[in-house]
Amino acid sequence: MEDIRLDSLEGVGPVTARKLTDAGVHNMMDLVVRGPVEISDITGMEKDSTEKLVNKARQYLADGGVLSQDFVSASDIYKRRQEIGKITTGTECLDTLFDGGIETQALTEVYGEFGCGKTQFCHTLCVMVQKSREEGGLGGGVLYMDSENTFRPERIVSIAKANGMDPQRVLDNIVVARAYNSSHQVLILEEAGAIIRESNIKLLVADSAVGLFRSEYLGRGTLSERQQRLNHFVHLLVRIAEAYNCAAVATNQVMSSPDVFFGDPTKPIGGNVVAHTSTYRIYFKKSGKKRIARMVDSPHHPEEEVIFGIGEAGVIDPEDPKAKKARKAKADPAPPTDGPGDATDAGTPDTGN
Ligand SMILES: Nc1ncnc2c1ncn2[C@@H]1O[C@H](COP(=O)(O)OP(=O)(O)OP(=O)(O)O)[C@@H](O)[C@H]1O
Ligand SMILES: [Mg+2]
């Protein structure tokens, strides 16, 4: 349905269709995802015409049940939300925080300082999404946008092995797009539709989403342009997640903000643009060897914190304190003592019953 040819739409002749295809707009869904302003920029058509065009495409997809109608009943929204899939994080603690896992049709933003585990978390999800639905995955592939050159197949292999999965097959289901600058990042998303359909992509990772924008637009003078372009990028992410029913995960670094006197003096770089677009925001923090994850912003989760760790298996549950104590005791057995417990036991009076 979403693959219907563009030139079957009224108002699109062969020349326009060609311009659209050259710009990566191959079908109705691409038209809707990119929107009228961008389509006008690409084709040179008047914005009035592109608005009509995009509306027609949207109507077409809505009639076919691919997209929701403009006016829908709450029960229709409920039905669409029933289609939301969840990807387990592979840990009990983070699954609790996410109420079951990372959702499709939503953008989940993970932010925190360097080394807090954002990339490890993304790597873990790359493996988990490939598990079957019964095992907490979605049986789908991954599109991993790597803008910091930190994607490591070796980590995927060790996480897959720890989960008893075939590492080669897991690697084969991950498409990695190395992004070299922020415009390239946008371009990758604009072209993503075809890959998402062909490769049954269920997870879209942008690690990091904001880093390149930050380094390219330095100084106050460029701030509004940066926010505008970042806004465009993040909105594309959200629209793709909604249109293709896949989960989008974006990472974001923090900067220290001297105007905060109480609490944690760090905030995500993207500022408000990212904050208002992402559906879920998680803050990762280092605390000694442990890591803390806090749900910061969510339409329906309480704001809570959990402790997790990082190991060969990716993100992991913290060790149960009892198990840790037992392991320590085994490694270093303490000499037996005549504890007061024994004495008390011996002295327990016989009630005579
Ligand atoms: N195999 C492993 N076993 C245990 N811990 C590991 C392993 N691999 C990585 N780590 C831990 O993960 C940390 C790095 O985490 P990660 O790369 O996810 O950080 P990040 O939040 O993405 O940082 P940045 O902002 O720099 O991208 C390292 O400090 C290390 O402690
Ligand atoms: Mg990283």
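## A walk through the predicted chain

Let us start at a single residue: E148 sits in the loop that runs between β4 (141-146) and α7 (153-162). Everything here comes from a predicted model, so please read each value as computed from that model.

E148 counts as partly exposed because it has 14 C-beta neighbours inside 10 Å, and a residue needs 20 or more to be called buried. Setting aside residues up to four places away in sequence, E148 touches D207, S208 and G211. Its C-alpha atom is separated by 8.0 Å from that of A179, which lies 31 residues apart along the chain.

### The chain as a whole

The chain contains 15 helices and 13 strands. Of its 353 residues, 36% count as buried. How are the contacts spread along the sequence? Among contacts between residues at least 6 apart, 66% join residues at least 24 apart.

### The nine-stranded sheet

Nine strands make up an open sheet with mixed pairing, and their order is β5-β4-β6-β7-β3-β10-β11-β12-β13. Its edge strands are β5 and β13 (314-316), each of which pairs on one side only. From one strand to the next, the twist averages 25 degrees.

The table below gathers some of the strand pairs, each with an example of facing residues where one is listed.

| Strand pair | Bridges | Direction | Example pair |
|---|---|---|---|
| β4 and β6 | six bridges | parallel | L143 and L204 |
| β6 and β7 | four bridges | parallel | V205 and V249 |
| β10 and β11 | seven bridges | antiparallel | K286 and R291 |
| β11 and β12 | four bridges | antiparallel | I292 and I307 |
| β12 and β13 | three bridges | antiparallel | G311 and G314 |

Strand β6 (residues 201-207) deserves a closer look. Is this strand mostly covered or mostly open? It is mostly covered, with seven of its seven residues buried. β6 runs parallel to β4, to which six bridges join it, and also parallel to β7 (residues 247-252), with four bridges. Within these pairings, L204 of β6 stands opposite L143, while V205 has V249 in β7 as its bridge partner.

Further along the sheet, β10 (residues 280-287) and β11 (residues 290-297) form a hairpin with two residues between them. Which residue in that turn has a positive phi? G288 does, at about 65 degrees. The hairpin strands are antiparallel and share seven bridges, and K286 is matched with R291 in β11. β11 then pairs with β12 in the antiparallel sense over four bridges, where I292 stands opposite I307.

### V110 in strand β3

V110 belongs to strand β3 (residues 106-112). Why is V110 classed as buried? The reason is that 26 other C-beta atoms lie within 10 Å of its own, and 20 or more are enough for that class. Leaving aside neighbours within four places in sequence, V110 is in contact with K118, F121, V249, T251, I282 and F284. One of these contacts, V249, is the residue in β7 that is the bridge partner of V205. The C-alpha atoms of V110 and R294 are 184 residues apart along the chain yet separated by 9.7 Å.

### Around ligand 1

Of the 13 residues around ligand 1, those that come nearest are F114, G115, K118, T119 and Q120. The elements giving two or more residues to this shell are α6 (118-128) and β12 (305-311). Of the elements, α6 provides the largest share, three residues. By character, the shell divides into three nonpolar, eight polar and two charged residues. K118, one of the nearest residues to ligand 1, is also among the contacts of V110.

### One side of helix α9

Which residues of helix α9 (residues 182-190) are buried? They are S182, Q185, I188 and L189. These buried residues are on the same side of α9 because they cover an arc of only 115 degrees around the axis. In an α-helix there are 3.6 residues a turn, so residues three or four places apart point the same way. The buried residues of α9 pack against several elements: β4, β5 (174-178), α10 (192-198), α11 (211-216) and α12 (223-243). Two of these partners, β5 and β4, also appear in the order of the nine-stranded sheet.

Conventions:
Residues numbered from 1 in each chain as written. Chains lettered and ligands numbered in written order. Predicted model: local features only at pLDDT ≥ 70, side-chain atom pairs only at ≥ 80, totals over all residues. Buried ≥ 20, exposed ≤ 12 C-beta atoms within 10 Å, placed from the backbone. Contact = placed C-beta atoms within 7 Å. Near = placed C-beta within 6 Å. Nonpolar A, V, L, I, M, F, W, Y, C, P; charged D, E, K, R; others polar. Arc of directions from axis to C-beta. Pairing = 2+ DSSP bridges. Axes fitted to C-alpha atoms, helices over the stretch in contact; angles between N-to-C directions.
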